[in-house]
Amino acid sequence: MHQRTTNNEMITPEDIKLLVASGEGYNVEFKVSVPAKVKELSEEICAFANAAGCVLLIGVNDANEIKGVEINNAKRSAIQNYIREITPALHCSVEIVRVDGKSIGVIETPSGLKNPYVLSGAIYVRIGPNTQKLTTAEQMRDFFQQSDRIYFDTIPNPGFDIYTEIDNGNFNDFRLEAKLNTSVSDKQILENLQLFDNGFIKRGGILFFAKKPEEQFFQAIVCCVLFKGITKVHIIDDKTFGGTLYRQYQQAMDWIESKLQVAYLIEGAGPRKEIWEIPLTVFKESTINALSHRDYYEQGAVITIEIFDDRVEISNCFMRPVNHSEEISEEISVKGSVKMTEKMTEKILRLIKENNTITIDELAGKTSKSNSTIERQLKKLKVIERIGADNGGYWQLIEL
């Protein structure tokens with residue numbers, strides 16, 4: 001989808017065609033004509049300024065068809081006069097662009113840097129696809145408390161210098177993964193990703209590409225702690241990871257993998273196979289969800305990954321817990337408990353390797369577990385099978 005990201009350049013007919021082809025969205029809205037009450041346009045402009053900005057095209061219908069519109073000097077002047085009533089002053093122009101012989105009205109509304117914007121004493125906000133006027137003191141109080149928090153990653157950061165504070169190595173990795181030509185400038189990439197606005201990088205761009213995002217937003221870290229036992233008393237290892245969001249994910253996963261138990265299946269001269277008691281997918285999904293849903297306005301809202309003898313907890317302070325046991329939960333949440341037996345898988349495999357005729361009774365005795373627990377663990381392994389009866393038979397590796 002093509003969307004405009006800056007008001008510094010005149011919108012072109014080609015830009016308009018791309019916007020129309022993509023349809024209405026978060027930052028694009030169509031009007032087939034100027035409303036009879038011109039003030040309605042300025043109400044919507046005020047609402048978009050209180051959100052993330054917008055390109056408003058007049059002369060395009062809901063079916064994504066360019067119909068054209070006639071905006072005479074009187075209407076154009078009326079629109080501009082109503083826009084001037086918005087306070088603080090909002091700088092957006094009303095332009096007429098010819099597209100295939102048809103006139104299209106274009107109003108580019110920037111994402112406001114001085115929220116809230118007020119029109120005739122009222123605050124207008126976007127609720128889904130609609131503009132709503134806040135009329136009660138309670139609504140206005142809620143807006144003042146919550147408006148910044150809704151669009152944290154879309155807010156420009158005037159104090160950030162993209163020429164000195166961008167992680168060039170990370171940017172180059174992104175270029176390679178996205179197969180981007182080296183001739184495309186960093187600034188152009190940020191604009192194409194909608195991470196650049198009004199000459200400033202947005203906070204989302206800082207989180208993805210800055211050398212040290214944690215210097216801008218202290219919550220942008222992942223704290224990893226390994227405990228001895230099942231309580232938060234004895235710390236064995238403690239690491240804190242910063243950097244770009246992707247780097248935080250990589251470091252957190254490397255740390256988790258280094259602490260979890262894994263068994264290895266060796267068959268002949270081939271490469272060994274890793275057997276994780278808990279699939280790594282569960283940790284990948286939970287860590288990604290934690291990074292995606294971190295609340296940068298909550299003090300202390302850092303992500304914590306804590307490993308105990310019997311569980312792993314990945315948490316973000318405002319998220320509710322969801323348990324991960326034998327079934328992997330796909331629900332988007334960032335606190336989970338993953339049950340782990342105390343190196344049981346590794347111990348069972350070792351005992352079978354030492355004596356492939358060992359019985360379930362003998363395994364239970366050597367691991368201090370019940371027969372039913374041993375049977376459940378053997379079923380979960382899925383790499384060995386029993387040939388013959390429990391007495392007189394033997395264990396055999398299964399080809400995977």
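## A walk through a predicted fold

Let's start with strand E16, which spans residues 312–315 and is covered on both faces: Val312 and Ile314 are buried on one side, and Glu313 and Ser315 are buried on the other. Keep in mind that we are looking at a predicted model.

**Around E15 and E16**

Who is the neighbour of E16? Strand E15, residues 303–307, pairs with E16 in the antiparallel sense, and four bridges hold that pairing. If you want one spot to find on screen, go to Ile305, whose bridge partner in E16 is Ile314. That Ile314 is one of the buried residues we just met. To get from E15 to E16, the chain makes a hairpin of four residues.

E15 has another partner too. Strand E11, residues 222–228, runs parallel to E15, with five bridges between them. Here the pair to look for is Val225 and its bridge partner in E15, Glu306. So how enclosed is E15? It is largely enclosed by the rest of the structure, because four of its five residues are buried. As background, strands of a sheet pair through backbone hydrogen bonds, either parallel or antiparallel.

Here are the strand pairings of this model that come up in this report, side by side.

| Strands | Direction | Bridges | A bridged pair |
|---|---|---|---|
| E15 and E16 | antiparallel | four | Ile305 and Ile314 |
| E11 and E15 | parallel | five | Val225 and Glu306 |
| E3 and E6 | antiparallel | two | Thr87 and Val118 |

**Two cysteines in E11's stretch of chain**

Now for Cys223 and Cys224. Why does Cys223 have no bond to Cys224? The sulfur of Cys224 is the closest cysteine sulfur to that of Cys223, but the 7.5 Å between them is too far for a bond. The cut-off for a disulfide is 2.5 Å between the sulfur atoms. Seen from the other end, Cys224 is in no disulfide either, with Cys223 holding the nearest cysteine sulfur. By that rule, the count of disulfides is zero. Both cysteines are tucked away: Cys223 counts as buried at 17% relative accessibility, and Cys224 counts as buried at 0%.

**Helix H2, its helix neighbour and a sheet**

Next, find helix H2, residues 39–49, and helix H3, residues 73–84. Their axes come within 9 Å and cross at roughly 45°, so the two helices are oblique to each other. The crossing is right-handed. On the H2 side, the residues that meet H3 are Lys39, Leu41, Ser42 and Ile45, while H3 offers Ile79, Tyr82 and Ile83.

Is H2 mostly covered or mostly open? Mostly covered, since eight of its eleven residues are buried. Among them are Leu41, Ser42 and Ile45, which are also residues that meet H3. Glu44 is on the buried list as well, along with Phe48.

H2 has a sheet to lean on as well. This open sheet has four strands in the order E3-E6-E7-E8, with antiparallel pairing. Strand E3 (86–87) and strand E8 (130–134) stand at the edges with a single partner strand each, so one side of each has no neighbour in the sheet. The partner of E3 is strand E6, residues 118–119, and two bridges join these antiparallel strands. Thr87 stands opposite Val118 there. H2 packs on this sheet and touches E3, E6, strand E7 (122–127) and E8, with its direction at about 70° to that of E7.

**Gly242 and helix H10**

Last stop: Gly242, in the loop between strand E12 (234–241) and helix H10 (245–259). Gly242 is buried, with a relative accessible area of 17%. Which residues does Gly242 touch, leaving aside those up to four places away in sequence? They are Glu214, Ala220, Ile221, Arg247, Gln248 and Gln251. Gly242 and Ala252 are ten residues apart in sequence, and their C-alpha atoms are 9.9 Å apart in space.

That Ala252 also has a part in how H10 packs against helix H11, residues 280–292: Ala252 is one of the H10 residues that meet H11, as are Leu245 and Gln248. On the H11 side, the residues in the meeting include Leu280, Phe283 and Leu291. The two helices pack at an angle of about 145°, with their axes 10 Å apart, and H10 passes H11 in a right-handed crossing.

Methods
Residues are numbered from 1 along each chain as its sequence is written. This is a predicted model: local features need pLDDT of at least 70, side-chain atom pairs count only at pLDDT 80 or more; totals for chains, interfaces and linings use all residues. Side-chain values use heavy atoms; hydrogens and water are left out. Buried means under 20% relative accessible area, exposed over 50%, partly exposed in between (1.4 Å probe, protein chains only). Two strands pair if DSSP finds at least two bridges between them. Axes are lines fitted to C-alpha atoms, for helices over the stretch in contact, and angles run from 0 to 180 degrees between N-to-C directions. Angles under 35 degrees count as roughly parallel, over 145 as roughly antiparallel, 65 to 115 as roughly perpendicular and the rest as oblique. A crossing is left-handed if the near helix is turned anticlockwise from the far one by less than a right angle, and right-handed if clockwise. Contact means heavy atoms within 4.5 Å.
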